[in-house]
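Visitor: Hello! Could you walk me through this structure, starting with its hollows?

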Amino acid sequence: MFGKVLIANRGEIALRVHRACQEMGIRTVAVHSTADATAMHVRLADESVCIGPPAARDSYLNVAAILSAATITGADAVHPGYGFLSENARFAEMVEAHGLKFIGPSPDHIRMMGDKIAAKDAMRRLDVPLVPGSTGALETFEEARAVAEQVKYPVLIKAAAGGGGRGMKVARSADELEEAWRVARAEAKSAFGDDSVYLEKYLDRPRHIELQVLADSHGNVVHFGERDCSLQRRHQKLVEEAGSPVLTGAERDELGARVSAGLSKLGYRNAGTLEFLWQDGQFAFIEMNTRLQVEHPVTEMVCGIDLVKEQIRIAAGEALGYTQADIAFSGHAIECRITAEDPETFAPSPGRITTYHAPGGLGVRVDSALYSGYTVPPHYDSLVAKLVVHAPTRREAIGRMRRALGEMVVAGIRTTLPLHQAVMDDPEFQSGDYTIHWLERFVAARQA
Ligand code: ADP
């Protein structure tokens, strides 16, 4: 097992990885920008190294500075968390080239899944169901038109290098296709430096359901069931649940078995999540994330597993030590992503936290790096806390979340706590019957 792990991240996820390491008896190295000198992940780590000025490109994305920090401190491995360098294949390669272990998949698999066209090709070969659309990149507009006519409108033009919902444009009819084609390519070029695009049928009322997997380097693959992440705004998740209110155990098992067999064939290693759209009882793969996800705690709560410890054990070469038959699902878990934003306009609201009080009690978990007196810097992602609850049923989990949201205090800045409270109070949310478009309308109605 590793003696020391460098955590190439900040905020709640850096803390999350630190906690796993500490329980495993592994020392931790925090890296931080000058803006984060007093951050909780720096305070709690065994050692810390300043890697640059506030801007992420000069600090948390500064590969040379991170690798020197790892070398100077004698770390054995690097955990990238999510975001930043976590899906950067070149970074993973450089970590390994420096004689350190990258706690994640192989660079080849990161690269393959980072290119959404290559990812869909791989899944097609592995017999994983896909959203109907083009096979590979579209070279010309005429090709796009031909595929659109075949799968029928509405369609979506998507960037091969896409992420965060960028480079994605809907065309509802043939008249709108040329514009969508042009705009998606231009956006993809400016956001990702790559204008390759592909086309998918646009599903009008899907749910977002994803499957968590772990694979060791001995060929064992196990899945940990699904997360329903249908509550999204601008393609960003706000609330996640395990399990999905619409899926039966048999449907989960069927999809899980197919995915596990596919990833085993691929020789995939470490944690991964396959994202699907689900409509009319059908799953359609959209992308695979080759890292730990923000919403991983809901899976941990229902499966009673520590996914970060498993990632570390796998990277150290250990076998999973259990099979699919050993994985049991218990109860229901919900996560609310609490961000430093205005709950109605979503305008960023960084600043000093005058009072912070975390809720507690049975089945309540808070993953956050906040403390009273901490100043949320304006330079990074606005996520400040993940409030997670676990209860025997979905109904009880909602009741517990309402209670926990009511207890939580984050004073001094605006947060999305009131929005989450309104969602939990809403009868439609409580019914479990909604699609990925529901939250957008809910937010618009509150603004009106
Ligand atoms: P990104 O990597 O930019 O997040 P994804 O492919 O994961 O892009 O899609 C993000 C979100 O966009 C999905 O969760 C879903 O809400 C929506 N979306 C993606 N593909 C489709 C589609 N074919 N039809 C309808 N909605 C889609």
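Guide: Gladly, beginning with two terms. On a 1 Å grid over the protein atoms alone, a pocket is an open set of points with protein on both sides within 12 Å along at least five of seven lines, while a cavity is a set where a 1.4 Å probe fits but cannot get out; lining residues have an atom within 4 Å of a point. The model is predicted, so local features need pLDDT of at least 70 and side-chain atom pairs pLDDT 80 or more, while totals for chains, interfaces and linings use all residues. Residues are numbered from 1 along each chain, and side-chain values use heavy atoms, without hydrogens or water.

Visitor: How much space lies in the second largest pocket?
Guide: Its lining includes Leu156, Met168, Tyr202, Arg234 and Glu440. With probe spheres set on the joined grid points, the space in this second largest pocket comes to about 210 Å³.

Visitor: Which domains each give at least three residues to that lining?
Guide: The lining of the second largest pocket divides into five nonpolar, three polar and three charged residues (Asp, Glu, Lys and Arg count as charged; Ala, Val, Leu, Ile, Met, Phe, Trp, Tyr, Cys and Pro as nonpolar; the others as polar). At least three of the lining residues come from each of two domains, with bounds from an automatic or database assignment: domain 2 (132-201) and domain 3 (207-447).

Visitor: Now the ligand. Which strand gives the most residues to the shell around it?
Guide: The shell holds 21 residues, each with a heavy atom within 4 Å, and Lys116, Gly165, Lys201, Gln232 and Glu287 come nearest. Of the strands (DSSP E runs of at least two residues, numbered from the N terminus), β6 (155-163), β8 (197-201), β12 (270-279) and β13 (282-289) each supply at least two residues. With four residues, the top contributor to the shell is β6.

Visitor: How much of the ligand's accessible area does the protein cover?
Guide: Consider the polar contacts, pairs of N or O atoms within 3.5 Å. An N or O atom in the side chain of lysine 116 is 2.7 Å from a ligand oxygen, histidine 235 has such an atom 2.9 Å from a ligand oxygen, and glutamate 200 places a polar side-chain atom 3.0 Å from a ligand nitrogen. Of the 550 Å² accessible to a 1.4 Å probe (Shrake-Rupley) on the ligand alone, the protein covers 96%.

Visitor: Between which domains does the largest cavity lie, and why there?
Guide: The whole structure has one cavity of 30 Å³ or more, and about 30 Å³ of space lies in it. Among the residues lining this cavity are His79, Phe102, Thr290 and Gln311. Because both domains give residues to the lining, the largest cavity lies between domain 1 (4-91) and domain 3 (207-447).

Visitor: Which residue in the loop between α7 and β6 has a positive phi?
Guide: Most residues other than glycine have a negative phi. In the loop between α7 (141-151) and β6, one residue that is not a glycine has a phi of about 75 degrees. That residue is lysine 152.

Visitor: Which residue does a cis peptide bond join to proline 154?
Guide: Most peptide bonds are trans. One cis bond joins alanine 242 and glycine 243, with omega about -5 degrees, and glycine 243 is in the loop between β11 (236-242) and α9 (249-266). Proline 154 is in the loop between α7 and β6. There omega is also about -5 degrees, and the cis partner of proline 154 is tyrosine 153.

Key
Polar contact = N/O pair within 3.5 Å; in protein donor to acceptor, adjacent residues only side chain to side chain.
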